[in-house]
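Trainee: I should like to learn how to read the features of a structure of this kind. May we take them in turn?

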Amino acid sequence: MDLNFDLYMNDVVDKARSEIESAGYEQLTSPEEVDQVLSQDGTTLVMINSVCGCAGGVARPAATHALHYDKLPDRLVTVFAGQDKEATQQARDYFEGYAPSSPSFALMKDGKIVEMIERHQIEGHDIMDVITQLQNLFEANCAEV
């Protein structure tokens, strides 16, 4: 691989990680961390992050702005598809009935998948559409903050 390309990709990945982390999402980078968090009681929003354009242009901004709402999940976490491969696969094992998709969002409740917002519901949609989808999940499944 070209050294300049590797450095560029590292910058892209670092920016994507810090963007979602600064919004309040905890990075899960190992299968053990995934199991520890996703098996808990309560609600957890999992953002499956990636370096694609729809992640940076729609999913991460929606993940940030959807949090300006009266009802929120108990926990906000993220795994990074293509980067933290084992953690991402472990998270996907919890998403029974859904094909691998990134970027995407999964709402978990008491260790079980409630619903996913998959790539096809993000790519080609505007940020407000995805924010509305997330807030509808929060409204139906989460407690007031």
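Mentor: We shall discuss cysteines, a helix, the nonpolar cores, the strands and the backbone. Please keep in mind that this is a predicted model.

Trainee: Let us begin with the cysteines. How many disulfides does the structure hold?

Mentor: A disulfide is a covalent bond between the sulfur atoms of two cysteines. The structure holds 0 disulfides.

Trainee: Why is there no bond between Cys52 and Cys54?

Mentor: The cut-off for a disulfide is 2.5 Å between the sulfur atoms. The sulfur of Cys54 is the closest cysteine sulfur to that of Cys52, but the separation is 3.3 Å, which is too far for a bond. As for Cys142, its relative accessibility of 8% is the reason that this residue counts as buried.

Trainee: Next, the helix H2. Which of its residues are buried?

Mentor: Helix H2 spans residues 31-38, and its buried residues are Pro31, Val34, Val37 and Leu38. These residues lie on the same side of H2, because they cover an arc of only 135° around the axis. Glu32 and Gln36 are exposed, on the face turned away from the buried side of H2.

Trainee: Against which elements do the buried residues of H2 pack?

Mentor: They pack against four strands and a helix: strand E1 (26-27), strand E2 (43-49), strand E4 (75-80) and strand E5 (104-109), together with helix H4 (85-94).

Trainee: How should I read the nonpolar cores?

Mentor: In soluble globular proteins, nonpolar side chains tend to be buried together. Here the largest nonpolar core has 23 residues, of which Tyr25, Leu45, Phe105, Leu134 and Phe138 touch the most other members. At least two residues of this core come from each of E2, helix H3 (53-65), E5 and helix H5 (127-141). H5 supplies the largest share of this core, with 5 residues. Another core, of 16 residues, lies apart from it; Val37, Val46, Phe95 and Met108 are among its members.

Trainee: With which residues is Phe138 in contact, leaving aside its neighbours within four places in sequence?

Mentor: With that exclusion, Phe138 is in contact with Leu45, Ala66, Leu67, Tyr69, Lys71, Leu72 and Pro73.

Trainee: Let us turn to the strands. How many bridges join E5 to E2, and how many join E5 to E6?

Mentor: E2 and E5 run antiparallel and are joined by 6 bridges. E5 and strand E6 (residues 112-117) also run antiparallel, with 5 bridges between them. Ala106 illustrates both pairings: Val46 stands opposite Ala106 in E5, and Met116 is the bridge partner of Ala106 in E6. E5 is mostly covered, since 5 of its 6 residues are buried.

Trainee: What links E5 to E6?

Mentor: The two strands form a hairpin with 2 residues between them, and Asp110 is in the turn. The phi of Asp110 is near 50°, a positive value in a residue other than glycine. Asp110 counts as partly exposed because its relative accessible area is 42%.

Trainee: Finally, is the peptide bond from Ser102 to Pro103 cis or trans?

Mentor: That peptide bond is cis, with omega near -5°. Pro103 is located in the loop between H4 and E5.

Methods
Residues numbered from 1 in each chain as written. Predicted model: local features only at pLDDT ≥ 70, side-chain atom pairs only at ≥ 80, totals over all residues. Heavy atoms only, no water. Buried < 20%, exposed > 50% of the residue type's maximum accessible area, 1.4 Å probe, protein only. Arc of directions from axis to C-beta. Contact = heavy atoms within 4.5 Å. Core = buried A, V, L, I, M, F, W, Y, C linked by side-chain atoms within 4.5 Å. Pairing = 2+ DSSP bridges.
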